[in-house]
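Biologist: I should be grateful for a close look at a single part of this structure, namely the pairing of its strands and the core to which they contribute. Please proceed strand by strand.

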Amino acid sequence: MPSKTVSERRAYWGSMAALGLVLPAAVLAHSWGSLAEWYDRHGREPILVEGGVSPIYAGAAWRLVYLKRLPGPSAKAAVVLAEFEARVGKDTASMAGMCRIRLTDADGRLWAPTFTLEPIARKAYPGIEERPLCGGPAFAEAGPGGKVDMVATFLVPHDAVDLALLIGLAEAEPDTLLLKP
Amino acid sequence: MSRVLGMALALVLAAAALYGMQHSTPGYGDITSPIAIDGKAGERVEEDTFAFGVARAHLARSLRTENFGKVKEYTTSGVWLLVEGAGVAKVESLTLTSAEWLGPTGIRYALSQRFSNQPGYLVNERLDPGLPTPLLLAFEVPEKEVAGGRLLLARSALIPLDEQLRIDIAGVLPNSVSPSLTILRSEGDIRWAIRRE
C-alpha cells in the first residue's frame, strides 16, 4: 500500500480537528431553541418594584396596597392578606387571561393563594369577598382607565419573612412582576 | 475459500449484533422513566420539590366512610391498603398527582378514586412550602401484592426524567387484615380518623 503524502495526512488531521468544532456547533444549533426557551422560563428575573410605585406590566399600572399578616388556622401557619390594584390601560386585549399570583419570601419559596379567602380575613375585612378575581373578566369590566381592586390570602409558615407578591399574566410572561411593600 | 467463509462469518456476526441491539434498545418510556429515590416508612424521603413521610398503614377487607351521619361502604375483591403520612413542598406550592402501589410482581396499582371527597385525601390537598400537610392514600390491591410492595409518589406521571419517591412501608404494615375500617371526618390538623370495627 502506497504511503500517504504529507498533504493527505494534513487534510486527514485537519478534518478530525474540524469535527471537534463542528459537532458541538451542530448540537448547539439544533438545541438553541430549547435552550432559549429554558432560559426564558427559569433564568429570567422578575421585574422588581418597591415602595408603592406603580409599574406598567401587561398594559396596566399595578400597585401593592398592603400585605397583612393575620393569625392562622393552626399554630404552625399564618394567614397573609394581600390587597393589590391594577389600573387598566387602553388595550384590555393584552390582559385577557387569568393572573398567576404567588407570595414569595426571602428564601425564594413560592406560595399559591388559598382557593377561597381565609375566614379570618373575611371577618377582619368585611366585604373583601366581593372583590373580583385577578384576570381578564375583571379587567374587561373595568374597561380602559378603570381600576380593579383585588385581594388574595395565603397560608405561610411563621418563619417566612421579607414577603412580596409575584404576579404573572400569560400575555406578558415570561416576564413577571414582583411587588414589594 | 477461507476468505469467503470469513466474510460470511463477519456477515452473520454483524446481523447478530444488529438483532441484539434492536431487541435490547430501551423504549422512550424506559429512557425517560422517573428516577427512583428509595426510602422507608418512618423517615423523611425527599426529592427536589417535595418531601413525604409514611407514618401508618392499615389493611382491610372493606372500608366505610362517615360524613355528616351518612355512612357509605366500599367493598373490594382484594384488600384495601390505607396509608397515612404527611407531605410538604420544598420550593413552590404543588399538588401530587401521581401515586401508585408497586406490587412485588412489578404490577402497579393506581390510587383509588373512590374517596375523592375525603378531606385529607392526597389528590384533594395542596402542599405548601414549610407547612407539612397530613395526607391519606387508599389502594385496592390483591392481598398477595401487599407484602414486598412499595409506595410510589411523584409530582406528576407525565414529566420525563422527574424524580419519584419509592417508599418501603413494610415496617408499618399490620400482620393481619381487618374485616372493616371506618374513615371519619375530623376537625384537627389531621382531617380524618380511622376506627377499627
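Modeller: In this predicted model, strand E2 (residues 45-46) of chain B runs antiparallel to E3(B), and 2 bridges join them. One of the residues involved is Glu46(B), whose bridge partner in E3(B) is Ala51(B). The connection from E2(B) to E3(B) is a hairpin through 3 residues.

E3(B) is also joined to E4(B), by 16 bridges, and these two strands again run antiparallel. Within this pairing, Ala60(B) has Trp80(B) of E4(B) as its bridge partner. The link is a hairpin with 2 residues between E3(B) and E4(B), and in its turn Phe68(B) has a positive phi of about 50°.

A further pairing of E3(B) is with E10(B): here the strands run parallel, and 6 bridges join them. Thr65(B), for instance, finds its bridge partner in E10(B) at Ile183(B).

These strands lead on to the core. The largest nonpolar core has 39 residues, and those touching the most other members are Leu81(B), Leu82(B), Val83(B), Leu122(B), Leu137(B), Leu151(B) and Leu153(B). Two or more residues of this core come from each of several elements of chain B, including strand E3 (50-67), strand E4 (70-89) and strand E10 (178-185). Strand E5 (98-102), strand E7 (133-141), strand E8 (150-154) and strand E9 (163-168) of chain B likewise give two or more residues each. In soluble globular proteins, nonpolar side chains tend to be buried together.

Leu122(B) may serve as an example from this core. Leaving aside residues up to four places away in sequence, Leu122(B) touches Leu96(B), Ala99(B), Leu111(B), Leu135(B), Leu136(B) and Leu137(B). Another core, of 37 residues, lies apart from the largest one and includes Ala58(A), Ala82(A), Phe84(A) and Ala160(A).

It remains to place chain B beside chain A. Their contact takes 9 residues from chain B and 12 residues from chain A. On the side of chain A that touches chain B, strand E6 (110-111) and strand E7 (147-157) of chain A each supply at least two residues. The largest share of that side, 3 residues, comes from E7(A). By character, the residues on this side of chain A comprise 8 nonpolar, 1 polar and 3 charged.

As to confidence, chain A averages a pLDDT of 89, with 97% of the residues scoring at least 70. Among the elements of chain A, E6(A) has the highest mean pLDDT (98), whereas strand E1 (residues 47-50) has the lowest (83).

Terms used. Residues numbered from 1 in each chain as written. Chains lettered and ligands numbered in written order. Predicted model: local features only at pLDDT ≥ 70, side-chain atom pairs only at ≥ 80, totals over all residues. Core = buried A, V, L, I, M, F, W, Y, C linked by C-beta atoms within 7 Å. Buried ≥ 20, exposed ≤ 12 C-beta atoms within 10 Å, placed from the backbone. Helix = DSSP H or I, 4+ residues; strand = E, 2+ residues; numbered from the N terminus. Contact = placed C-beta atoms within 7 Å. Nonpolar A, V, L, I, M, F, W, Y, C, P; charged D, E, K, R; others polar. pLDDT = per-residue confidence, 0-100. Pairing = 2+ DSSP bridges.
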